[in-house]
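I opened this entry to keep track of what I looked up, one topic at a time. The notes follow the order in which I went through the model.

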Amino acid sequence: MTDVVFTFEVHQPHRLKRSMFWEGKVFKRLTKKELFDYYFDNEGDREIFKRAARKCYFPSNQILLDLIDRYHHDRKPVKVAFSLSGVFLEQCEMFDKDLLETFKQLAKTGKVEFLNQTYYHSIASLYPDKAEFIEQIKMHRQLIQDLLGYTPNVFENTELLYNNTIAKTVEDMGYKGIYTEGIEKILGGKSPNFLYTPKGCKKIRILLRNYKLTDDIGFRFSARWWPDWPLTAEKYAHWLAGTKGEIINIFPDYETFGEHHWPETGIHNFLRHIPEKLLEYDNLKMIMPSEAVERHISAGDIDVPETEFTVSWADVARDSTGWLGNVMQWAYYTALRRLEPLAKESDDPEWLRLWRNFQTSDHLYYMFTAGGGPGEVHSYFSPYESPMDAFAVAQALLNDFESRLRSAVLTANEPFLFYTSGGKEYYTGVIAWSLYGFINAIQTIDIKALEFHMGTGDFENWIKYSLKDEELAAEIHQIATLKKKKEPLRQAIVTATKNRYKILSDKVQQATRQF
């Protein structure tokens, strides 16, 4: 018996406003509440979402609901899986809650599995520090639980980005399965149609996408130049039945069914009839990803060292170059990453939300410059005239955001690293990049660290030369000269810095308020 796993990727980004940079509208005076609508093209997103919902999401969901109901009591029921990005689900709530209800109906059947991914469909898994990656996974898991009543236990990283470190991070979070692309350079002659174990892991298992059979639907279904056109459900089921292995993972974009291939091509009829034709074969059965992990044993290790390369499902190379393959992409990525400590020190959900929406992988994807077939695919999805246009807009809006964020948290030129001394100096691991972060740190840092830095004049010098605030530096100097007990010392520093922050932040808000 060969198990067939159909999984559908569903994602729509919050696209950036393309006209902002070219029309000279950046760096306008705005309140923080206005910034999301200022940076992101809600009207454009609504139009694209509504079109995709009409042509793909609604009809395809109904087909699957009908099929699941039809085969509900059959010995071989219809089962599928979805990987829904957090930003897609946000757009469901923003633009069409009825569509969200159809996904809830699918969840209630018990025949549909929902995978975990990064909430913002980001490439945070490639950051050297995995904290943001982990946080976005947790956010997405909570969203799936809240909206669909489902707790995922199989993970699919953005665009199937994968290496040993990513797999280990996901295993440590308790997941039992992870998807990636079944490409030859990691298989070493082995078949993608088996379960494998990531190198360095023990419990988690790898499900490999069969990209050839998936792309027959995703890319070639309506290609009249293709020798196997037209692709019928009968023909495709015959191919599956003749494929050797234990598990065949078919994993296309859900937009394949009505948006990438229009309804006129017969794509919905194909979706409607493929389970029927597939289940006619005694050796084929439809299951969900978690069932595949439970039923099959590992056929060996897959080794993808992070230091050598990262796998994805994008382009011919199937690596990370679709997002980090040229200097424009690296420039944007680097600028974005450097804002992480500032966004998190802000302790403000809106600043953090804005920064995370800038992380969505699509913004980098549009900057891809290679030609040929991969270039055509990137161009098909991009709303921009060129990759350079995509970079100019994204970088300008990110610079605008950075300027506002730095003003809001009162960023220093250099971060402050907290040390303590007990006969020997050692780094506490606590760091502050801004006055706001400094205030939070001094409220919880060990009192010995406060005494040490006050005694050496470090606080006073950092505030004076990095924050460029001589008035607050003078207050800190005055506190240092007073003979106070331990807790009054902390309280004196907290009071002085909080009062100063309020004065300065009020000035910033006044300066940035819309005229």
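**Cavity**

I began with the lining of the largest cavity, which is made up of Phe6, Phe8, Leu64, Leu67, Val80, Ile217, Phe257, Phe270, Leu271, Ile274, Pro275 and Met286. The model is a predicted one. I then asked which elements give two or more residues to this lining. They are β1 (2-10), α3 (42-70) and α11 (267-279). Helix α11 gives the most, with four residues. By class I noted twelve nonpolar residues in the lining, no polar ones and no charged ones. The space in this cavity comes to about 60 Å³. The count of cavities of 30 Å³ or more is one.

**Ile250**

Next I looked up Ile250, which sits in strand β8 (residues 247-250). Is Ile250 buried or exposed? Its relative accessible area is 0%, so Ile250 is buried. I listed its contacts, leaving out neighbours within four places in sequence. They are Val4, Val5, Phe6, Thr7, Leu213, Thr214, Ile217, Tyr236 and Leu240. Two of these names, Phe6 and Ile217, I had already written down for the cavity lining. I also checked a pair of C-alpha atoms: those of Ile250 and Tyr162 are 18 Å apart, with the two positions 88 residues apart along the chain.

**Salt bridges**

How many salt bridges are there by the rule used here? The count is 32. I looked at a few of them one by one.

Arg15 pairs with Asp45, and their closest N and O atoms are 2.9 Å apart. Arg15 is in the loop between β1 and α1 (19-22) while Asp45 is in helix α3, so this salt bridge ties together parts that are 30 residues apart in sequence. I found both Arg15 and Asp45 buried.

Glu135 and Arg356 form another salt bridge, at 3.1 Å from N to O. This one links distant parts of the chain, since Glu135 belongs to helix α6 (residues 131-148) and Arg356 to helix α16 (residues 349-358), 221 residues apart. I checked the burial of each partner. Glu135 has a relative accessible area of 32% and is therefore partly exposed. Arg356 is at 4%, so Arg356 is buried.

Glu181 and Arg209 meet at 2.6 Å, N to O. Here the link runs between strand β5 (residues 177-181), which holds Glu181, and strand β7 (residues 205-209), which holds Arg209; the two residues are 28 apart. Both are buried. I also noted a network in which salt bridges with shared partners join Arg70, Glu234, Glu276, Lys277 and Glu280.

**A buried charge without a partner**

For contrast I looked up Glu345, in helix α15 (residues 340-345). Side chains of opposite charge can pair when their charged atoms come close. Which side chain of opposite charge is nearest to Glu345, and how far away is it? It is Arg406, at 9.7 Å. A salt bridge needs a side-chain nitrogen within 4 Å of a carboxyl oxygen, and Glu345 has no salt bridge although it is buried. I then listed what Glu345 does touch, again without residues up to four places away in sequence. The contacts are Ile431, Ala432, Trp433, Ser434, Tyr436, Gly437 and Asn440.

**Backbone**

I ended with the backbone. Most residues other than glycine have a negative phi, and most peptide bonds are trans. I wrote down three places that depart from this.

The peptide bond from Trp229 to Pro230 is cis, with omega near 0 degrees. Pro230 is in the loop between α9 (211-218) and α10 (233-241).

Glu159 has a positive phi, near 55 degrees. I placed Glu159 in the loop between β4 (154-156) and α7 (164-172). Its relative accessible area is 14%, so Glu159 is buried.

Asp347 also has a positive phi, near 55 degrees. Asp347 is in the loop between α15 and α16. Is Asp347 buried or exposed? With a relative accessible area of 55%, Asp347 is exposed.

Note on methods
Residues are numbered from 1 along each chain as its sequence is written. This is a predicted model: local features need pLDDT of at least 70, side-chain atom pairs count only at pLDDT 80 or more; totals for chains, interfaces and linings use all residues. Side-chain values use heavy atoms; hydrogens and water are left out. On a 1 Å grid over the protein atoms alone, a cavity is a set of points where a 1.4 Å probe fits but cannot get out, and a pocket is an open set with protein on both sides within 12 Å along at least five of seven lines; lining residues have an atom within 4 Å of a point. Grid points are joined across faces, edges and corners, and a volume is the space filled by probe spheres set on the points. Ala, Val, Leu, Ile, Met, Phe, Trp, Tyr, Cys and Pro count as nonpolar, Asp, Glu, Lys and Arg as charged, and the others, Gly among them, as polar. Buried means under 20% relative accessible area, exposed over 50%, partly exposed in between (1.4 Å probe, protein chains only). Lys and Arg count as positive and Asp and Glu as negative; His and the chain ends are not counted. Contact means heavy atoms within 4.5 Å.
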